[in-house]
Amino acid sequence: MKHLAKLIGLGLLASAALTAVSRADVTPEAVVAHYADIAEAKYADSLTTATALDAAIDALLAAPGEETLKAARTAWLAARVPYQQSEVYRFGNAIVDDWEGRVNAWPLDEGLIDYVDPSYGTESDENVLFTANVIANPKIEINGAMIDAGKITPELIAGTLQEAGGIEANVASGYHAIEFLLWGQDLNGNGPGAGARPATDYSLENCTGGNCDRRRDYLAAASDLLVADLQEMAANWKAGGAARAALEEAGAAGGLRAMLTGMGSLSYGELAGERMKLGLLLGDPEEEHDCFSDNTHNSHRYNAVGIRTAFSGSYSRADGTELTGPSLAELVSQKDPAIAGELSADLDATITAMEAMVARAETVEAYDQMIATGNAEGNATVQAAIDGLIKQTRSIERAIAALDLGAIEIEGSDSLDSPEAVFQ
């Protein structure tokens with residue numbers, strides 16, 4: 001035992017020596033370059049899983065049935081894992097933020113795309129295309145002009161239908177449009193159950209829901225478009241790509257500011273505020289992120305994992321390998337070890353709270369049930385994750401100060417900053 005203890009002690013000393021050497025090599029330039037390498041890997045993994053989803057959708061359309069529908073849904077869930085981790089690259093990187101709405105915009109007025117239950121309603125003061133139902137109507141009117149939607153293509157979806165009429169709720173492309181087409185509406189409110197679209201909605205021989213040929217065309221086109229959009233962003237982060245070049249042009253300080261802006265804004269305004277606290281305040285299942293599939297707990301968890309990855313410099317790839325390199329954690333530690341330790345602990349605590357939320361979703365009730373008004377235990381589980389995100393944001397702000405990066409604007413949210421405004 002003494003010999004083993006001596007070996008362990010020597011190992012710890014050697015590890016400390018290696019850490020000291022590696023930290024000497026950790027420069028702002030190296031940290032920013034590794035941040036870009038992880039972006040390249042995350043978008044490559046997002047593309048790989050979206051391509052697998054596309055193949056599963058092809059199989060569904062070739063032989064519509066409950067098994068092929070289940071396989072396509074499973075592929076969609078898998079595709080969310082790397083993509084949600086990539087969202088930390090928003091806010092600080094304009095190329096990503098300008099593009100993001102094409103692939104992950106929400107919530108959506110699904111009546112634009114396909115048939116909906118009567119409980120959905122027939123009109124909206126905010127959206128004249130609330131029930132346009134492109135799948136059922138080969139011609140639709142947008143801004144006074146009659147649009148030929150006879151052939152549903154990626155170009156029609158991206159160029160005409162996405163945010164049609166300048167209305168953000170007209171989400172026609174991306175993960176959530178595909179999610180709706182695979183699951184259908186979740187009509188359970190704050191009760192148990194997700195969407196339950198039948199596979200026969202894609203059958204030419206036993207069609208349900210009507211217009212199965214056009215629904216097939218829409219799903220295939222939306223899937224092809226998602227792959228193309230991810231190909232674009234994956235290329236943007238390769239050597240010589242536009243996003244990597246913009247980061248390099250910003251210099252080391254600009255790169256660090258981008259990293260911390262993304263971490264802080266996703267933590268606070270976007271995830272803690274708009275994606276979580278708003279739904280909790282309203283008790284509204286329509287405010288959950290993956291509302292058709294009841295996958296919101298996982299989407300939130302992987303956002304949080306992505307934030308931690310931006311700090312730790314360690315990313316678990318879709319193929320099971322680990323990508324590591326010079327980290328923001330090491331850089332902050334050079335300036336102030338206490339703040340680095342505090343932020344690392346806060347990021348871990350948030351993940352723990354998110355995992356508790358995931359465990360509840362998998363064993364007790366779905367996220368849309370957790371946020372229901374009057375559900376004290378479910379509300380508390382979600383609030384604990386929100387509290388973790390808020391706390392880690394304060395530590396991110398201290399890390400910004402430690403690195404002497406000047407003022408950085410972190411996105412806010414009325415849900416957190418002025419909750420009374422939510423009800424006005």
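**Charge distribution, fold and local geometry of the chain**

The mean positions of the 28 positive and 64 negative charges of the chain lie 8 Å apart. This value, like those that follow, comes from a predicted model. The chain is built from 16 helices and four strands. Along the principal axes, its C-alpha atoms occupy a box of roughly 75 × 50 × 50 Å. A compact globule of 424 residues would be expected to have a radius of gyration near 22 Å, and the 23 Å computed for the chain agrees with that expectation. Burial applies to 53% of the 424 residues. Of the contacts between residues at least 6 apart in sequence, 72% link residues at least 24 apart. The accessible surface amounts to about 17,600 Å², and carbon and sulfur atoms account for 54% of that area.

Helix α10 was examined together with the residues that precede and follow it. This helix comprises 17 residues, 296-312, and at 1.5 Å a residue it should span 24 Å; the C-alpha atoms at its ends are 24 Å apart, so the expected and computed spans agree. Most of α10 is covered, with 15 of its 17 residues buried. Ser299 belongs to this helix. Because its relative accessibility is 1%, below the 20% limit, Ser299 is classed as buried. When residues up to four places away in sequence are set aside, Ser299 touches Arg80, Gln84, His289 and Asp290.

The loop between α9 (251-282) and α10 contains Asp294. The phi angle of Asp294 is near 60°, a positive value in a residue other than glycine. Asp294 counts as buried, since its relative accessibility of 12% is under the limit of 20%.

At the other end of the helix, Gly313 comes just after α10 and has a positive phi of about 75°. Gly313 forms part of the loop between α10 and β3 (315-316). With a relative accessible area of 5%, Gly313 is buried. Beyond its neighbours within four places in sequence, Gly313 makes contact with His34, Ile38, Leu323, Thr324, Gly325 and Ser327. One of these partners, Ile38, is 275 residues away from Gly313 along the chain, yet the C-alpha atoms of the two residues are separated by 7.8 Å.

Helix α11 (residues 328-335) is likewise mostly covered, six of its eight residues being buried. The buried residues in α11 are Leu328, Ala329, Glu330, Leu331, Val332 and Ser333. For Ser333, located in this helix, the relative accessible area is 13%, and the residue is therefore buried under the 20% cut-off. Between the C-alpha atoms of Ser333 and Leu403 the distance is 9.8 Å, although 70 residues separate the two along the chain.

Helix α14 was compared with its expected length in turn. Its 27 residues, 376-402, extend 39 Å from the first C-alpha to the last, close to the 39 Å expected at 1.5 Å a residue. Just after α14, Asp404 adopts a positive phi of about 55°.

Further features of backbone geometry were found in other loops. Most residues other than glycine have a negative phi, and most peptide bonds are trans. Asn211 has a positive phi of about 55° although it is not a glycine. This residue, Asn211, is situated in the loop between α6 (175-183) and α7 (212-236). Asn211 is classed as partly exposed because its relative accessibility, 32%, falls between the limits of 20% and 50%. A cis peptide bond joins Trp106 to Pro107, with omega near -15°. Pro107 sits in the loop between α4 (94-104) and β1 (139-142).

Key: Residues numbered from 1 in each chain as written. Predicted model: local features only at pLDDT ≥ 70, side-chain atom pairs only at ≥ 80, totals over all residues. Heavy atoms only, no water. Helix = DSSP H or I, 4+ residues; strand = E, 2+ residues; numbered from the N terminus. Expected span 1.5 Å × (residues − 1). Buried < 20%, exposed > 50% of the residue type's maximum accessible area, 1.4 Å probe, protein only. Contact = heavy atoms within 4.5 Å. Rg over C-alpha atoms; globule rule 2.2 N^0.38 Å. Areas by Shrake-Rupley, 256 points an atom, 1.4 Å probe, with all protein chains shown as cover. Lys, Arg positive; Asp, Glu negative; His and termini not counted. Charge placed at Lys NZ, Arg CZ, Asp CG, Glu CD.
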